[in-house]
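Here is a note for a colleague who has not looked at this structure before, set out as numbered points. Please read it with the structure open beside the text.

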Amino acid sequence: MSFKIRRARPEDLPEILRIERFSFPSPWSAEHFRKEFEKPYTIFLVVERAGSILGYGCFWLMAGELQVANLAVDPDWRGKGLGEALLREGLRLGRAGGARRALLEVRAGNLAARRLYEKVGFKIEGRRKAYYRDTGEDALLMGAFLD
Ligand SMILES: CC(C)(COP(=O)(O)OP(=O)(O)OC[C@H]1O[C@@H](n2cnc3c(N)ncnc32)[C@H](O)[C@@H]1OP(=O)(O)O)[C@@H](O)C(=O)NCCC(=O)NCCS
């Protein structure tokens, strides 16, 4: 399957929001995404195929650490390697920008995401009990070394 990963642009927002709302119980708002374009430390990527946005990843690069802030793939396009490709590109850019560590939080029950993160080298480093207010679910803290 041919696709390309590129930096997100403001005109991608309607498609990003559609995927976001399908993907999360407490989706980021349009305003939240718009602010990401202004933050100097944000790496905001989309995966595009034939002019359509199929997924996106948002990464924050600060003080030698890369935080995976958001990652989602269109439900119709999951299981085809796009999430992994986005994540690997975010990690590559983070490393190129000086990050030595990558960190993230994931819902304990989100097995697809947990498997993806483990596949690319993340390990569970901690747990925050009842961290997600919408469902009461625990957050797992995962980290990876990028060297
Ligand atoms: C998590 C998510 C981004 C994965 O994207 P994807 O494009 O479907 O994943 P990929 O096809 O790249 O899969 C890569 C690896 O992830 C794991 N994985 C993906 N989907 C999985 C599933 N349903 N069950 C178990 N493992 C899964 C596998 O290890 C897979 O590798 P493999 O194909 O060699 O087995 C996607 O499921 C999604 O958008 N979920 C909703 C949003 C979300 O939860 N984001 C993460 C927030 S922390």
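1. The ligand is a good place to begin, with the caution that this is a predicted model. Around the ligand there are 19 residues, and those that come nearest are Arg 78, Gly 83, Glu 84, Arg 115 and Leu 116. By type, the residues of this shell divide into 9 nonpolar, 5 polar and 5 charged.

2. Which elements supply at least two residues each to the shell around the ligand? They are E4, H3 and H4, and it is H4 that gives the largest share of the shell, namely 6 residues.

3. The strands form an open sheet of 7 members, in the order E1-E2-E3-E4-E5-E7-E6, and the pairing within the sheet is mixed. At its edges lie strand E1 (4-7) and strand E6 (123-128), each of which pairs on one side only. From one strand to the next, the twist averages 25 degrees.

4. Within that sheet, strand E2 (residues 42-49) and strand E3 (residues 52-62) run antiparallel and are joined by 8 bridges; one residue to look for is Val 47, whose bridge partner in E3 is Gly 55. Helix H1 (residues 13-23) packs on the sheet, where it touches E3 and strand E4 (65-73), and the direction of H1 makes about 85 degrees with that of E3.

5. The largest nonpolar core has 33 residues, and Leu 45 and Tyr 56 are the ones with the most contacts inside it. At least two residues of this core come from each of H1, E2, E3, E4, helix H3 (82-96), strand E5 (101-107), helix H4 (111-119) and strand E7 (139-145), while the largest share, 6 residues, comes from E3.

6. Leu 45 deserves a separate look. If its neighbours within four places in sequence are left aside, Leu 45 is in contact with Ile 5, Arg 7, Ala 8, Tyr 56, Gly 57, Leu 86, Glu 89 and Gly 90; Tyr 56, listed here, is also named with Leu 45 for the most contacts inside the core.

7. Two alanines should be checked for their backbone angles. Ala 63, in the loop between E3 and E4, has a positive phi of about 50 degrees although it is not a glycine. Ala 130, in the loop between E6 and E7, has a phi near 50 degrees, again a positive value in a residue other than glycine.

8. Are these two alanines buried or exposed? A residue counts as exposed if 12 or fewer other C-beta atoms lie within 10 Å of its own. Ala 63 is therefore exposed, because it has 8 C-beta neighbours inside 10 Å, and Ala 130 is exposed because 10 other C-beta atoms lie within 10 Å.

9. Finally, Arg 49 belongs to strand E2. Arg 49 is partly exposed, because 16 other C-beta atoms lie within 10 Å, a count in between the 12 or fewer of an exposed residue and the 20 or more of a buried one. From C-alpha to C-alpha, Arg 49 and Lys 4 are 6.5 Å apart in space, although they are 45 residues apart in sequence. Leaving aside neighbours within four places in sequence, the contacts of Arg 49 are Ser 2, Phe 3 and Leu 54.

Technical notes
Residues numbered from 1 in each chain as written. Predicted model: local features only at pLDDT ≥ 70, side-chain atom pairs only at ≥ 80, totals over all residues. Pairing = 2+ DSSP bridges. Helix = DSSP H or I, 4+ residues; strand = E, 2+ residues; numbered from the N terminus. Axes fitted to C-alpha atoms, helices over the stretch in contact; angles between N-to-C directions. Contact = placed C-beta atoms within 7 Å. Core = buried A, V, L, I, M, F, W, Y, C linked by C-beta atoms within 7 Å. Near = placed C-beta within 6 Å. Nonpolar A, V, L, I, M, F, W, Y, C, P; charged D, E, K, R; others polar.
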